[in-house]
Structure formats: C-alpha cells, structure tokens
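Work through the exercises below with the sequence and the model side by side. Each task is followed by a stepwise solution.

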Amino acid sequence: TLTRRVLYGDVDGNSRVQAYDAGLVLQYVVGMDPLPNIDPFPWEASRERAADVDGDGQIRAMDASYILQHTVELITQFPVEGNSQSKSSSKGVTPVVTITAQEDTLRFSTTAGLSVFELELPAQPGLTLLDAIAKWDGAITAIHEDADAGVVRIAFAAVESRDGVFLEIPFEVDQTLAGNPDALRIDAVVR
C-alpha cells in the first residue's frame with residue numbers, strides 16, 4: 001500500500017500551510033462545512049490528521065492558533081511533529097472571559113492572557129448574532145448557528161496570548177426582546 005505523507009497544517013491540500021488553513025479549522029470547529037465540494041463534513045481521516053496539529057486527536061481552536069503561529073514563523077514545527085516550544089494560551093491559569101452587551105454588540109474580553117476560545121450558546125428566539133469580529137491583529141474567528149441542534153458556536157484563534165477585548169459580535173433583537181431587557185439571557189458553555 002502507498003502511504004501519503006501528511007503535511008501538517010495544510011488543511012486545504014495545496015501543499016502550503018497558510019492562514020486560510022487556520023480559518024478552515026475554525027469553521028470546522030463551529031460545525032460549518034468549510035470544504036463542501038472537496039471534502040464534505042465530517043472530513044476524511046487524512047484531512048483531519050493534517051488539521052490536528054497538536055496531536056490530541058481533536059480538531060480545536062488551538063490547532064488553528066498553531067497554524068497561525070507557523071504562518072508567521074513563530075514556530076517551524078507543530079507539537080504533533082515533536083515541537084515542545086509551541087506557544088500555548090496558558091500562563092499557568094485558565095483565562096477568564098467576560099462577556100458584556102453594550103448597545104448592539106457583545107464584547108468578549110480577558111485579563112488572563114488568551115490565544116484560543118470556543119463557546120457554545122443555546123440559540124435564543126429573537127436574538128440574531130451577526131458576523132464575529134476578531135479585534136486583535138493576527139487573529140481569526142468563526143461563528144455558526146446550528147438550527148438543528150439549537151446552538152450557536154463561536155471559535156477564536158490568535159497568534160499569541162494577549163489581554164483585552166478580543167472579539168465583538170454585533171447583534172439584533174426582534175420586538176419580543178427589544179422592549180424587555182430582562183428577556184435577553186446568555187447561558188454559555190466554554191469548551
């Protein structure tokens with residue numbers, strides 16, 4: 001049998017590791033189908049192997065962060081290839097994320113240093129989350145509402161750990177929520 005060598009981080013299969021590949025990983029993390037004409041969700045094992053650059057058996061936002069680090073040459077090898085010098089989001093503490101609603105925008109911030117973030121929210125009737133905006137240079141984000149599961153998934157990845165506002169998501173409310181601020185409730189599960 002012929003075994004094809006895996007180019008870790010090359011999710012789209014173009015023989016290059018690029019920020020685009022990190023974006024594909026985040027889309028996959030939130031449940032989108034980023035390559036529907038090439039490899040429909042869920043991906044084939046070889047593509048999943050290329051995306052799982054930390055070698056933990058899962059495709060997560062941390063994989064996207066490592067791919068971004070590779071594209072800007074902070075790292076030359078991925079953890080799955082034996083690199084123990086990769087930059088992770090941990091400073092020895094779990095980052096605390098604060099979510100505030102200001103006017104028509106959700107703002108996500110941290111004071112503990114963060115490079116990756118994954119969140120699952122129950123979909124709330126009357127609340128529409130718009131396109132997520134990464135606030136840091138070198139950061140990317142993906143958001144997807146899974147109507148079948150009744151959830152909204154959000155993922156964020158950055159090149160380096162930082163503090164401050166890292167993500168903004170504009171939102172709209174319909175008439176059922178507009179006149180009743182107590183009706184808006186966000187219960188989140190951070191993965």
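The exercises deal with one acidic residue, one helix and the nonpolar cores.

This is a predicted model, in which local features need pLDDT of at least 70, side-chain atom pairs count only at pLDDT 80 or more, and totals for chains, interfaces and linings use all residues. Residues are numbered from 1 along each chain as its sequence is written, and side-chain values use heavy atoms, with hydrogens and water left out.

**Exercise 1.** Locate Asp63 and describe its surroundings.

Solution. Step 1: Asp63 lies in helix H3, residues 61-71 (helices are DSSP runs of H or I, at least four residues, numbered from the N terminus). Step 2: Asp63 is buried (under 20% relative accessible area, 1.4 Å probe, protein chains only). Step 3: Asp63 has no salt bridge (a side-chain nitrogen of Lys or Arg within 4 Å of a carboxyl oxygen of Asp or Glu); the nearest side chain of opposite charge, Arg60, is 7.0 Å away. Step 4: the Asp63 side chain reaches the backbone nitrogen of Asp54 at 3.1 Å.

**Exercise 2.** Is helix H1 mostly covered or mostly open?

Solution. Step 1: of the 11 residues in H1 (19-29), 8 are buried, including Leu24, Val25 and Leu26. Step 2: their cover includes helix H2 (45-51) and H3. H1 is thus mostly covered.

**Exercise 3.** Describe the largest nonpolar core.

Solution. Step 1: this core (buried Ala, Val, Leu, Ile, Met, Phe, Trp, Tyr and Cys joined through side-chain atoms within 4.5 Å) has 30 residues. Step 2: H1, H2 and H3 are among the elements that each supply at least two of its residues. Step 3: a second, separate core of 20 residues includes Leu119 and Ile154.

Key: Buried < 20%, exposed > 50% of the residue type's maximum accessible area, 1.4 Å probe, protein only. Lys, Arg positive; Asp, Glu negative; His and termini not counted. Polar contact = N/O pair within 3.5 Å; in protein donor to acceptor, adjacent residues only side chain to side chain. Contact = heavy atoms within 4.5 Å.
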